[in-house]
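Work through the exercises below with the sequence and the 3D structure at hand, and try each task before reading its solution.

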Amino acid sequence: GKYWWDLVLRLEHEEKKTEKYLHKLESLFRKITESDFKKHFKPAEVSIKRLDGQEVLLERRIFPVKTMAGIQYAITILDITEKKYAELLKENALKELEKSETRFRSIIQGSSDMIFILDRNGSLTYESPSVSLISGYPPGYFIGKSPFTHIHPDDYKAVYGKISQIEQGIHSGTPAEFRSRKSDGGWIFLELLGNNQYDNPS
């Protein structure tokens, strides 16, 4: 039993049927009739207060319809409060994820340790800047390669056993010692420690 334009004009109860009400109503219809019909298919967001005092967000579309009786006006109103809330949560989550990634990179960029990220297929997907400095290989050299590429043959078993423990979520706290070949052909002694982050959604 309410008029749709009462939602659009958003006047207080005491303002209804006053000169101010009629003036705003006349202005609203003049704007609609004098503008391009297609324009009104674009949604507009309107915030209103329910009887229980809760504020909700509505998506409102107003558009003229040509009929046998002439031009009439149709309106669609959808409650998009939950949709907007979900979008806001997603936006905030993405911002927090971006902050976490920034913090992570700022920490490892300055670390003297060689840091790698290994995917489920056994390929290296990340190497920290210190890898190039210590190994002598160009930045990104190890990306897409197996972690065993430059490991001394005598140390395969120790490294393979450690990586298997990491994949199973076993953290003994004891590093595996091994030798890795540098770009100049020499060998460097390293220690391997890691943790399983496969199920970490971030």
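**Exercise 1.** State what share of the protein chain is buried, and how much area the chain exposes.

*Solution.* Begin with the cut-off: a residue is buried when its relative accessible area is under 20% (1.4 Å probe, protein chains only). By this rule, buried residues make up 25% of the 202 residues in the protein chain. Next, take the accessible area, which comes from the Shrake-Rupley method with a 1.4 Å probe; the chain exposes about 14,600 Å², and carbon and sulfur atoms supply 54% of this area. This is a predicted model, in which local features need pLDDT of at least 70 and side-chain atom pairs count only at pLDDT 80 or more, while totals for chains, interfaces and linings use all residues. Residues are numbered from 1 along each chain as its sequence is written, and side-chain values use heavy atoms, with hydrogens and water left out.

**Exercise 2.** Find how many helices and strands the protein chain has, and follow their pattern along the sequence.

*Solution.* Helices (H or I, at least four residues) and strands (E, at least two) are DSSP runs, numbered from the N terminus. Counting them gives five helices and seven strands, and reading along the sequence gives the pattern α-α-β-β-β-α-β-β-α-α-β-β.

**Exercise 3.** Determine what share of the contacts with a separation of 6 or more joins residues 24 or more positions apart.

*Solution.* First, a contact means heavy atoms within 4.5 Å. Then, among the contacts in the protein chain with a separation of 6 or more, residues 24 or more positions apart account for 30%.

Key:
Buried < 20%, exposed > 50% of the residue type's maximum accessible area, 1.4 Å probe, protein only.
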